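Biologist: I have a new structure on my screen and would like to learn how to read it. Could you walk me through some of its features?

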Amino acid sequence: MISQALRDARRYEEIIERTISEPQRPLFHLTPRCGWMNDPNGFSVYDGQYHLFYQYYPYYSKWGPMHWGHAVSRDLLHWDYLPAALAPDQLYDQRGCFSGSAITMEDGRQLLMYTSVGETTDPAGYDSGIQTQSIAIGDGEEYEKYEGNPVITEADLPPGFSRYDFRDPKMWRASDGTYIVAVANRADDGGGKILLFRSNDLLHWKYWKVLAANHGRFGSMWECPDFFGLDGRHVLLVSPQDMHPSGFEYHNGNGTLCLIGDYDEETGTFTEAANQAIDYGIDFYAPQTILTPDGRRIMIGWMQNWDACAIRAPSEKWAGQMSVPRELSIKNGRLYQTPCRELESLYRDEVIHKNVKVGGFDEVALPGVFGRCLDLTVHVRPADPEKVFHRFSIRFAQKDPLRTGVSFRPHEQTVKIDRKYSGSCRAIVHQRRCLVRGSDNGEITFRLILDRYSVEIFINDGEYAMTAAIFTDLEAERICFFADGDAVIDVEKHRIG
Ligand code: FRU
């Protein structure tokens, strides 16, 4: 039985979707069918397709009572909308169906676990809603909420944990065939912790243990955990709130954190070895991953930051985009990210320029190198290794006075993204810097993935990623290069279409 709330959302999204024209959306990044989108949810491979659900408020381009939107794809880049999957229509989730994950059951059905937010007033008078974990089971399109919901509640928590900040379940199957779910919690000490629960049948869950905790580091509440093996190590991705910057890491307040370490599956013990931000730009949060049938670990994130949402007016027909799906690997103890290789199937042309001199303060534009939907790789080096320029920049989405830039200062080993002139008229963060270790010799490789309303920069084959949403007039297509000393570049550009 479909509830009235879900039926209303479906009718509404179908009507509004028709009023959004093709260029009003990105070409290959997923946006909400209409209204508001935040975190990716239930990212999964099910019945021969990729499924991506998302935090969704269809009625306005602002966060509201959360639904789950739904889209499917065969190549991770062309997405077809399916009807909204979940609406807040039960007593236990009347304040919203928050983030969660998906898994295939033994009988072939798909099971979604989400955070159900119910009505309450907490003792401090801050009305945050009791958060429990609930289940919906379906066939890839229609999902029915389980009559035993919620399946994990405060009654399952040991003392010292919060029932108000208890969310974002991420499930996986252990090698012994049982199921584990990682859920974020803000403990009484104010710190973020990731808790593990176990189950034999996906319906009945028992608290197991704390997988990881912030111990006074990395912000307060941790949101949206994901946990998986990668290249012989284990990786915990979380999105902490209220982070303090540390050197060049964690500048985003609501930030992203990647912990790399080792996991003893028997005892559920995760031993951290290294930490880093996942993305060093402005707009990236709450990522989720899948393992593809051909064995790649692919991550997708919300290409927006809570603190910079004002870049998009709520009167627009949609707000929020997903990042390009990114293939993950570990190299030299760090998380590397590269755009999924499916992107190459969208290439429409190839323009190559080799050994181009850039310098003398003049902007250099190259034949065939322009546009707003493209994959652009630029390898930069000094003309004379003894005389390294101070600054090299790529400007794109440019049509005076509009532009966004990425600039490289080898003497500081930094890369900066700057969208100040991208057309934004809001007092929000427009710049971020990233420390690129070992770049003081003036050599660096940028790969820019441009879609109509975003830029994702991958540095040195994905060692660092920097992402930003830009809402620049689509006529701003110019790309140019600049250096204050003599630089030499190789450029490879593919139009995406
Ligand atoms: C992260 C988050 C999650 C929560 C969801 C609500 O962006 O705050 O913790 O489940 O968004 O929309």
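Modeller: Happily; we will go from the domains to the ligand, and then to single residues. Please keep in mind that this is a predicted model.

Biologist: Let me begin with the overall layout. Into which domains is the protein chain divided?

Modeller: Domain 1 covers 4-339, and domain 2 covers 347-496. Taken over C-alpha atoms, their centres are 31 Å apart. The two parts also touch: 35 residues of domain 1 are in contact with 35 residues of domain 2.

Biologist: Now the ligand. Which residues around the ligand come nearest?

Modeller: There are 13 residues around the ligand, and the nearest are Asp39, Gln55, Arg167, Asp168 and Glu223. Sorted by class, this shell has six nonpolar, three polar and four charged residues.

Biologist: Which strands each supply at least two residues of that shell?

Modeller: Strand E1 (35-46), strand E5 (96-104), strand E9 (161-173) and strand E13 (222-230) each do so.

Biologist: How do I look for polar contacts to the ligand?

Modeller: Look for pairs of N or O atoms within 3.5 Å. Here, a ligand oxygen is 2.5 Å from an N or O atom in the side chain of Asp168. For the side chain of Trp306 the distance to a ligand oxygen is 2.9 Å, and for that of Trp63 it is 3.0 Å. The protein covers 95% of the 320 Å² of accessible area that the ligand has on its own.

Biologist: What should I know about backbone angles?

Modeller: Most residues other than glycine have a negative phi, and most peptide bonds are trans. Asp168, in strand E9, has a positive phi of about 70 degrees although it is not a glycine. Asp231 is also not a glycine, and its phi is positive at about 50 degrees. Asp231 sits in the loop between E13 and strand E14 (233-240).

Biologist: Are those two residues, Asp168 and Asp231, buried or exposed?

Modeller: Asp168 counts as buried because its relative accessible area is 6%, under the 20% cut-off. Asp231 counts as exposed because its value is 51%, over the 50% limit.

Biologist: And the peptide bonds: which residues does a cis bond join?

Modeller: One cis bond joins Asn149 and Pro150, with omega about -10 degrees. Pro150 is in the loop between strand E8 (143-145) and E9. Another joins Asp400 and Pro401, with omega about 0 degrees, and Pro401 lies in the loop between strand E24 (392-399) and strand E25 (402-409).

Biologist: Could we practise reading the surroundings of a residue? Where does Gln321 lie?

Modeller: Gln321 is in the loop between strand E19 (318-319) and E20. At 1% relative accessibility, Gln321 is buried. A polar atom of its side chain lies 3.0 Å from the backbone oxygen of Tyr453. Not counting residues up to four places away in sequence, Gln321 touches several others, including Pro26, Trp302, Tyr453 and Phe471.

Biologist: What about Thr414: which side chain does it make a polar contact with?

Modeller: The partner is the side chain of Glu412, at 2.9 Å. Thr414 lies in strand E26 (residues 414-418) and is buried, at 2% relative accessibility. Beyond its neighbours within four places in sequence, its contacts include Phe248, Phe408 and Cys434.

Biologist: One last residue, please. Which strand holds Ile330?

Modeller: Ile330 is in strand E20 (residues 326-331), and at 14% relative accessibility Ile330 counts as buried. With neighbours within four places in sequence left aside, Ile330 is in contact with Leu230, Asp231, Arg233, Val235 and Ile260.

How values were computed. Residues numbered from 1 in each chain as written. Predicted model: local features only at pLDDT ≥ 70, side-chain atom pairs only at ≥ 80, totals over all residues. Heavy atoms only, no water. Near = heavy atom within 4 Å. Polar contact = N/O pair within 3.5 Å; in protein donor to acceptor, adjacent residues only side chain to side chain. Areas by Shrake-Rupley, 256 points an atom, 1.4 Å probe, with all protein chains shown as cover. Helix = DSSP H or I, 4+ residues; strand = E, 2+ residues; numbered from the N terminus. Nonpolar A, V, L, I, M, F, W, Y, C, P; charged D, E, K, R; others polar. Buried < 20%, exposed > 50% of the residue type's maximum accessible area, 1.4 Å probe, protein only. Contact = heavy atoms within 4.5 Å. Domains from an automatic or database assignment.
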